[in-house]
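Got your viewer open? Let's take a walk through this structure, one selection at a time.

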Amino acid sequence: MADRVLRHILQSQQFDRPFLEIIFRWAGNFKRNMSGTLSWGGSSEERLWDSKQLQGTHMIELFYEASTRTRTSFGMAGLRLGMNLIWTENAKEFSSAIKGETLEDTIRVLCEYGPDAIVLRHYETGSAERAAAVSSVPIINAGDGIGQHPTQALLDLYTIWEKFGTADGLRVVMVGDLLNGRTVRSLAYLLAKYRSIRISFVSPSDLRIGSDITGWLDKKGIVFNEYDTLGWETLGYADVVYCTRIQKERGSDASEETLAKFRIGKQQMEMMKESAILMHPLPRNDEILPEVDSDPRAVYFKQAGNGMYVRMALLLWVLHRI
Amino acid sequence: MADRVLRHILQSQQFDRPFLEIIFRWAGNFKRNMSGTLSWGGSSEERLWDSKQLQGTHMIELFYEASTRTRTSFGMAGLRLGMNLIWTENAKEFSSAIKGETLEDTIRVLCEYGPDAIVLRHYETGSAERAAAVSSVPIINAGDGIGQHPTQALLDLYTIWEKFGTADGLRVVMVGDLLNGRTVRSLAYLLAKYRSIRISFVSPSDLRIGSDITGWLDKKGIVFNEYDTLGWETLGYADVVYCTRIQKERGSDASEETLAKFRIGKQQMEMMKESAILMHPLPRNDEILPEVDSDPRAVYFKQAGNGMYVRMALLLWVLHRI
Amino acid sequence: MADRVLRHILQSQQFDRPFLEIIFRWAGNFKRNMSGTLSWGGSSEERLWDSKQLQGTHMIELFYEASTRTRTSFGMAGLRLGMNLIWTENAKEFSSAIKGETLEDTIRVLCEYGPDAIVLRHYETGSAERAAAVSSVPIINAGDGIGQHPTQALLDLYTIWEKFGTADGLRVVMVGDLLNGRTVRSLAYLLAKYRSIRISFVSPSDLRIGSDITGWLDKKGIVFNEYDTLGWETLGYADVVYCTRIQKERGSDASEETLAKFRIGKQQMEMMKESAILMHPLPRNDEILPEVDSDPRAVYFKQAGNGMYVRMALLLWVLHRI
């Protein structure tokens, strides 16, 4: 085994389009095979899609930051493939971290236990790269500070791909806290791989998209615009409206009046095309009002669910099964 | 599967006596089959009772409030039936809840991962009902604030049923914090389904049983009395003495002098009948003194253990296997 | 099964040399069989060493104190043997402990669920003994306050045994906080079982080894010396240099100047023999500088990894399989 290259998942930039196609086809297959049996109570026979291709392997979910959603999604993906799981819910508070251990040392020790993959969530940008530098097992970045969240970006793009078959030529509107929003950054990097894509960034003026992203888009020749209001000029043409939360816990202090200007309710949905989709990485506060949850264009819960299928496909890739 | 009705477990009132009989018979079967092998070290062959009837299914334990006992009991029940588990120990602190996500959104997302059951512990009364209203998988209420804790009520009643074969005609004394005690409320609802039952409520005057319960009992024609002291007039006639903790963390500020009046030690045990049983939902502080732990009528540890068997039976029902 | 004696693991003193030989041989076998397949991506066929000898059994890891390392090591050991796991990451904060439940009551309840072993980490010295006194299943002490941490001592000694084939005749230098260091105490007890062993204790004067240990060594006729500086007179003759962390969270307030005198860097490594090994129970702060991590004598990460193999062997013993 020792001559196999380690397959880490660290940042969105590492994925090329052929890779994305493979992951999305596998995710789609998993999703189709499970549909109809995913509801409670299916008999064992109906669960053949639980292919257990990773039976006997072990995943450690090392989470230094709260994320029930991401942890559960990876965990369910692993369990459905037959993996054994061990996790820590808040290593920052509980682990040797409070005794001053470096992330590198923690990773080195966990590697000695021979897990097949370590899923890492950490509060510092660049931590996944640091972990990978010392790790003898694959590191999967499940979010590092305001840095990257590449598997979130993959499930976001998969949700678009599932709807439109591609991202080429799409008009994407990104709304909310674009400065601190990890998901927006990762998705923007991925979208830049597609042709004729046009992006509108809509945010309060103090939460505009960072120059690292706009620089990247410029370099890739992607057309984008920035707006400080949310109206017809963006919503009316969008294929994808991607909302993000104004993250109070990361220091944003936008007023209620400001927040209201970037909120999506029935009125905003009326501006959107019939064929558009409304996405959100969740959790939401009130950027999207519950009154639109039943609109078929509101796909954010399905989007979250897609995370499990995409992560199943990624786990197969990381462990050299595809 | 989609045409099957969802079987939630939300409140004690939903159970009728035929249902209780079925659950209790299954719980009893599990318990009998396991006895003798439940001690450590049994060989694999001796573990045939681990019937794995739910192999390949998944349980998510979503706990917003501390309860190692209840979580472990459900977890062991699930594992013994072959279920895969994912849990969160304190979602209130760790999950998206701190980012302001509603319970409803969290449930909707978890449903997308296709678990077969969600066991929910939450600090707000009515939360299990709210979860069930949006859930596409069965919700099992593992305690919601001062509201209900129906599986605790079932294991309590099972413990009575195991001893007496029925609850008809029994004299039950409930002692302690009857105002905030979730377990007392849930059990009282269940007991009201039996004939000729008589209940004595014994509590400090500021922790008396709520009018919702007394109203229910009146409506059901159940005879009950209230007392503010614990003595012969109640203990001497009791078949079941059910103690509860004065819950300091819910705001009770009873003095030590008051607490002492509702405490059970050897002296109080002497007032009880030989055939009586002493129950407690645990954890206890010093409502029951350790000096009575070895009394064969003190069944509170066995009572806690019964929780696993009852929950195994409930899981079979929830997943339409019985 | 009921006539089998309970096999607890409570303190280092309980192990005799024949026992140690058996455990170390089993640990060594596990390690050899896994080598080559422990890296990620091994196929299912290559994982035959996952012997699943404890399939169908259950382990509860009851941790009242933070220790991701120890919990994960036990967990991986159990999973590799086929055990099912349930754990709590911080029972002190989350469980019934905050409602005032005694450890004894918690153990009694968990026993009712029929686990095959309870791995206990607790913040109070003597807690493992208290748990064992009321338990009907084996208790494995995973660290109790400043008391004992016997499985750590076993993996430490195994690491020595793996290198030298025995501990007889070795010169061992122990450095750091010898007063509060649980690992040092447990290892010293074990080393006293070997012949012609010589121990040097090197520590700040306010963190010297306790008289309970020196008394024990005197009684066993073990030669030892105490030093307050770290230099040639100890390092130059050592077969094993065992460093420990100055534990700030246990109240040590050594100055940076003091700490620097007990630090191991390249300069100190140059004083050590080619055949020596440098150990540390981890986590480390800067008692050992990263500059020596690549020195082949620096075995602390392998030492941590040995914990899993030793714990696999211990679990087999505890469950009467060896």
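Which residue forms a salt bridge with Asp105(A)? Select Asp105(A) and look across to Arg284(C): the two form a salt bridge, and their closest N and O atoms are 2.5 Å apart. Keep in mind as you go that this is a predicted model. Asp105(A) sits in helix α4 (residues 103-112) of chain A, while Arg284(C) is in the loop between β9 (277-279) and α12 (300-318) of chain C, so this pair joins two chains. Side chains of opposite charge can pair when their charged atoms come close. If you fancy hunting for others, the count over all chains comes to 51 salt bridges.

**Stop two: a loop with a cis bond**

You're already in the right loop of chain C, so stay there and click on Pro283(C), which is also found between β9 and α12. The peptide bond joining Leu282(C) and Pro283(C) is cis, with omega at about 0°. Now hop over to chain A and pick Pro283(A), in the loop between β9 (277-279) and α12 (300-318) of that chain. Here the bond from Leu282(A) to Pro283(A) is cis, with omega near 0°.

**Stop three: the two domains of chain A**

Try giving chain A two colours. Paint residues 12-149 and 307-318 in one colour for domain 1, and residues 150-304 in another for domain 2. How far apart are the centres of domain 1 and domain 2 of chain A? Taken over C-alpha atoms, 25 Å separate them. Where the domains of chain A touch, 31 residues come from domain 1 and 29 residues from domain 2.

Show the surface between them if you can. About 2700 Å² is buried between domain 1 and domain 2 of chain A, and carbon and sulfur atoms give 57% of that area. On the domain 1 side, select Arg17(A), Phe24(A) and His149(A): these lose the most area to domain 2 of chain A, together 27% of what that side buries.

There are two salt bridges across this interface between domain 1 and domain 2 of chain A. For another salt bridge to zoom in on, select Glu162(A) and Lys31(A), where the closest N and O atoms are 2.8 Å apart.

**Stop four: a serine with a positive phi**

Still in chain A, find Ser196(A) in the loop between α7 (182-191) and β6 (198-202). Its phi is positive, about 55°, although Ser196(A) is not a glycine.

**Stop five: a pair of helices in chain C**

Next, select residues 182-191 of chain C for helix α7 and residues 211-220 for helix α8. Two packed helices are described by the angle between their axes and the distance between the axes. Here the axes of α7(C) and α8(C) come within 10 Å and cross at roughly 10°. The two helices are therefore roughly parallel to each other.

Which residues make the contact between α7(C) and α8(C)? Show side chains for Arg185(C), Ala188(C) and Tyr189(C) on α7(C), then for Asp212(C), Ile213(C), Trp216(C) and Leu217(C) on α8(C). By class, this contact of α7(C) with α8(C) has five nonpolar, no polar and two charged residues.

**Last stop: chain B**

Finish with α7 (residues 182-191) and α8 (residues 211-220) of chain B, whose axes come within 10 Å and cross at roughly 10°. Helices α7(B) and α8(B) are therefore roughly parallel to each other. Select Arg185(B), Ala188(B) and Tyr189(B) on α7(B), and they'll lead you to Asp212(B), Ile213(B), Trp216(B) and Leu217(B) on α8(B).

Note on methods: Residues are numbered from 1 along each chain as its sequence is written. Chains are lettered from A and ligands numbered from 1 in the order in which they are written. This is a predicted model: local features need pLDDT of at least 70, side-chain atom pairs count only at pLDDT 80 or more; totals for chains, interfaces and linings use all residues. Side-chain values use heavy atoms; hydrogens and water are left out. Axes are lines fitted to C-alpha atoms, for helices over the stretch in contact, and angles run from 0 to 180 degrees between N-to-C directions. Helices (H or I, at least four residues) and strands (E, at least two) are DSSP runs, numbered from the N terminus. Angles under 35 degrees count as roughly parallel, over 145 as roughly antiparallel, 65 to 115 as roughly perpendicular and the rest as oblique. Contact means heavy atoms within 4.5 Å. Ala, Val, Leu, Ile, Met, Phe, Trp, Tyr, Cys and Pro count as nonpolar, Asp, Glu, Lys and Arg as charged, and the others, Gly among them, as polar. Domain bounds come from an automatic or database domain assignment. Buried area is the accessible area (1.4 Å probe) that two parts lose on being put together, summed over both. A salt bridge is a side-chain nitrogen of Lys or Arg within 4 Å of a carboxyl oxygen of Asp or Glu.
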